[in-house]
Amino acid sequence: MKLQHITLLTLLLLIFSCNSQAQKMKFEYIGNAAAQKDMHVWGSSPVQDKDGKTHLFSAQWSTATQSDFSGWFKDCEIGHYVSDSPEGPFEYVGIAVKDQDGLFNSPHNPTISNIDGQYQLCFIVNENNDLKTQRIVMYVADDLNDTWRPAKGAEADGTILRQTKNPEVWNYTARLGVSNPSLIKYNGKYFLYHKSVVRKEPKGYVYSYGVVVADNVEGPYIHQPTRVTEEKMPLEDAYAFTMKDSVYMISRDFRASLGNSGGGLLWKSGDGFSFPAEKTERAYEDLLHYVGEEYLKDAVSYRGKKDGHLERAQILFIDDKPAYLYLATGVQVKPGYGSSSHVFKINFE
């Protein structure tokens, strides 16, 4: 069956136009982005090279290694895909970052950026399959030929951020270290956003985001004492970006704060240090919302419900404007394939 493009008007508003009027943004479903047979492909972070080709960096691991989807923190590597078009089809180039086992284990959740004429590839690793040891690595390069090197302000293996040892910092007692980075340049500084899972009294845990700041894109980065999101609205997989004078994050609606948990949220900040809950809008919906029940009736769900939770939001900017949104899902309709990423075209009214 050939999918027809389905365009749906979302509820979110973004300030973009030169006259500062609110423009409505809508997503047009295009189709699959990165996928491989017998592999899970989890998330796709896009960037364009000087020739206009679109590159995707995606977490990937064999569907045969872990039956419960836990390969993401045990057997993962970062794959590299390329296409002449942001809409694909994407060709698999090879492994950009290998699983090195041991102390540099299972590189996962990559996010690619192009700041100051240089490419930055940030991702998470752990030690010996232990989620409590999660930390963030930053590689840099002058091209997209996978000639990556550790950032100058990082440790020898590229580790740019570990869980703080300062008891005055908000995530000092984080349960799972630091993870899921997103890098921007804002007001001449470099902001690296990250997730921490912190204790919530009297019991339980909450997923929150913080930020570390540097004067140089390659670090070193300094922890900020307070979180940037509020405890009452947990989030996961936030992608940060700037437009005009504001900072935005688009994330999974992890606890169904403004809809079901298969969709996402749009957060807005005036300074990059605080994203108020009252300024947060519903962003996108689950995959079912875009493709319909008939398309998913025979789907296999590797993760989440069969409606297709959409996670790991990443945006491709073209001419300084959001142009394409890439999202991951654990639902697959193609036999022999694991989880994959999907691409949506962003249109403005």
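A residue counts as buried when its relative accessible area is under 20%. The model described here is predicted, and that cut-off is applied to it throughout.

Strand β5, residues 77-83, is a good place to begin. This strand is mostly covered, with 7 of its 7 residues buried. Its side chains point in two directions: E77, G79, Y81 and S83 one way, I78, H80 and V82 the other, and all are buried. β5 has pairing partners in β4 and β6. With strand β4 (residues 54-62) the pairing is antiparallel and runs over 7 bridges; within it, T54 has S83 of β5 as its bridge partner. With strand β6 (residues 91-97) the pairing is again antiparallel, over 5 bridges, and here Y81 is matched with Y92 of β6.

Further along the chain, 4 antiparallel strands make an open sheet in the order β12-β13-β14-β15. Its edges are β12 (179-186) and β15 (222-223), each of which pairs on one side only. β12 is joined to strand β13 (residues 189-199) by 6 bridges, and the two run antiparallel. Across this pairing, L183 stands opposite L192 in β13.

The aromatic residues come next. A pair of aromatic rings is described by the distance of the centres and the angle of the planes. The structure holds 18 such aromatic pairs. In one of them, the rings of Y186 and F191 have centres 5.8 Å apart and planes at 85°, so the pair is edge-to-face; the angle is over the 60 degrees required for that class. Both Y186 and F191 are buried. A tilted pair is formed by Y207 and F254, at 4.3 Å centre to centre and with 40° between the planes. This pair links distant parts of the chain, since Y207 belongs to strand β14 (residues 205-214) and F254 to the loop between β17 (246-252) and β18 (264-269), 47 residues apart. Y207 is buried, as is F254. Y186 and F191 also belong to a single aromatic cluster together with Y193, F273 and F275. A charged residue meets a ring elsewhere: R175 lies over the face of Y205, at 4.5 Å from the ring centre.

Charged side chains also meet one another. Side chains of opposite charge can pair when their charged atoms come close. The structure holds 17 salt bridges. D253 and R282 form one of them, with 2.8 Å from N to O. D253 sits in the loop between β17 and β18, while R282 is in strand β19 (residues 281-282), 29 residues apart, so the pair links distant parts of the chain. D253 and R282 are both buried.

How far apart are the closest N and O atoms of R135 and E127 in their salt bridge? They are 3.3 Å apart. R135 has 2% relative accessibility and therefore counts as buried, whereas E127, at 22%, is partly exposed.

The salt bridge of D215 with K189 has its closest N and O atoms 2.4 Å apart. This pair too links distant parts of the chain: D215 is in the loop between β14 and β15 and K189 is in strand β13, 26 residues apart. D215 counts as exposed because its relative accessibility is 60%, and K189 counts as partly exposed at 35%.

Key: Residues numbered from 1 in each chain as written. Predicted model: local features only at pLDDT ≥ 70, side-chain atom pairs only at ≥ 80, totals over all residues. Heavy atoms only, no water. Phe/Tyr/Trp six-rings, centres within 6.5 Å; stacked < 30°, edge-to-face > 60°. Buried < 20%, exposed > 50% of the residue type's maximum accessible area, 1.4 Å probe, protein only. Lys NZ or Arg CZ within 6 Å of the ring centre and 35° of its normal. Pairing = 2+ DSSP bridges. Salt bridge = Lys/Arg side-chain N within 4 Å of Asp/Glu carboxyl O.
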